[in-house]
Amino acid sequence: VRLVESGGGLVQAGGSRRLSCVASGQSFITYSMAWFRQAPGKEREFVAAITWTGGTTYYADSVRGRFTISRDNAKNTVYLQMNGLKPEDTAVYYCATDSTITTVRSTPAYWGQGTQVTVSS
């Protein structure tokens, strides 16, 4: 399984950014997907997750209402649309996958290499 994130960069507070994650080497269409993030000096934390059908999504309280996770199974891609960005959203964002929505939200087996998002005030 290989996950490759893209879309990170520098953005001003209040701005938007869309992250993408392309999966290969697995039956993407049947796997749940998630985004996590890790800020400097902090532990990695859950951000959002989506079931393989795309019918159910989950969000951390800190991003609910600002971030949206979605997927395009035809493109083996999951997205994270981030709006209303705040300096505290600055982190390395990781894409992750596993076979169940429960596992992908807690201890996913497969991870991408991460993409840096920096929000300036």
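# Contacts and core of a predicted model

A23 touches R2, L3, F28 and N76, leaving aside residues up to four places away in sequence. The model described here is predicted. A23 lies in strand β3 and is buried, at a relative accessible area of 3%. Between A23 and R105, which are 82 residues apart along the chain, the C-alpha atoms are separated by 17 Å.

## The disulfide

Strand β3 also carries a cysteine of interest. The structure has 1 disulfide, and this bond joins C21 to C95 with an S to S distance of 2.1 Å. The link of C21 and C95 is left-handed, with -80° about the S-S bond. Because C21 lies in strand β3 (residues 17–24) and C95 in strand β9, the pair ties together parts that are 74 residues apart in sequence. C21 is buried, with a relative accessible area of 0%, and C95 is buried with a relative accessible area of 0% as well. In general terms, a disulfide is a covalent bond between the sulfur atoms of two cysteines.

## Salt bridges

The structure holds 4 salt bridges. Three of them, including two that involve R37, are set out below.

| Pair | Closest N to O distance |
|---|---|
| R37 and E45 | 2.6 Å |
| R37 and D89 | 2.9 Å |
| R66 and D89 | 2.8 Å |

The side chains of D89 and R37 meet in one of these bridges. D89 lies in the loop between β8 (77–82) and β9, whereas R37 is in strand β4 (residues 32–38), so the pair ties together parts that are 52 residues apart in sequence. D89 also forms a salt bridge with R66. R66 lies in the loop between β6 (57–59) and β7 (67–72) and D89 in the loop between β8 and β9, so this pair ties together parts that are 23 residues apart in sequence.

Which residues are linked in a network of salt bridges? They are R37, E45, R66 and D89. Accessibility can be given for each member of the network. D89 is buried at 0% relative accessibility, and R37 is buried with a relative accessible area of 6%. R66 counts as buried at 13%. E45, with a relative accessible area of 35%, is partly exposed, because buried requires a value under 20% and exposed one over 50%.

## Aromatic pairs and charges over rings

A pair of aromatic rings is described by the distance of the centres and the angle of the planes. There are 3 aromatic pairs in the model. In one of them, the rings of Y94 and W111 have centres 6.4 Å apart and planes at 85°, so the pair is edge-to-face. This pair links distant parts of the chain: Y94 is in strand β9 (residues 91–98) and W111 is in strand β10 (residues 110–111), 17 residues apart. Y94 is buried, at a relative accessible area of 13%, while W111 is partly exposed at 31% relative accessibility. Ring pairs link Y94 and W111 with F36 and F46 into a cluster.

The ring of Y94 has a charged partner as well. The charged end of R44 sits over the Y94 ring, 4.0 Å from its centre. A second arrangement of this kind involves R105, whose charged end sits over the ring of Y58 at 3.8 Å from the ring centre.

## The nonpolar core

Which members of the largest nonpolar core touch the most other members? Of its 33 residues, these are W35, L80 and Y93. The elements that give two or more residues to the core are β3, β4, β5 (45–50), β7, β8, β9, α1 (101–104) and β11 (115–120). Strand β5 gives the most, with 5 residues. As a general matter, nonpolar side chains in soluble globular proteins tend to be buried together.

Y93 can be followed in more detail. Not counting residues up to four places away in sequence, Y93 touches E5, L19, W35, F36, R37, V47, F67, L80, M82, G114, T115 and V117. Several names in this list recur from the sections above. W35 and L80 appear with Y93 among the core residues that touch the most other members. F36 belongs to the aromatic cluster, and R37 to the salt-bridge network.

How values were computed:
Residues are numbered from 1 along each chain as its sequence is written. This is a predicted model: local features need pLDDT of at least 70, side-chain atom pairs count only at pLDDT 80 or more; totals for chains, interfaces and linings use all residues. Side-chain values use heavy atoms; hydrogens and water are left out. Rings of Phe, Tyr and Trp (its six-membered ring) pair if their centres lie within 6.5 Å; planes under 30 degrees apart count as stacked, over 60 as edge-to-face and the rest as tilted. Helices (H or I, at least four residues) and strands (E, at least two) are DSSP runs, numbered from the N terminus. Buried means under 20% relative accessible area, exposed over 50%, partly exposed in between (1.4 Å probe, protein chains only). A charge sits over a ring if NZ of Lys or CZ of Arg is within 6 Å of the ring centre and within 35 degrees of the ring normal. A disulfide is a pair of cysteine sulfur atoms within 2.5 Å. A nonpolar core is a set of buried Ala, Val, Leu, Ile, Met, Phe, Trp, Tyr and Cys residues joined through side-chain atoms within 4.5 Å. Contact means heavy atoms within 4.5 Å.
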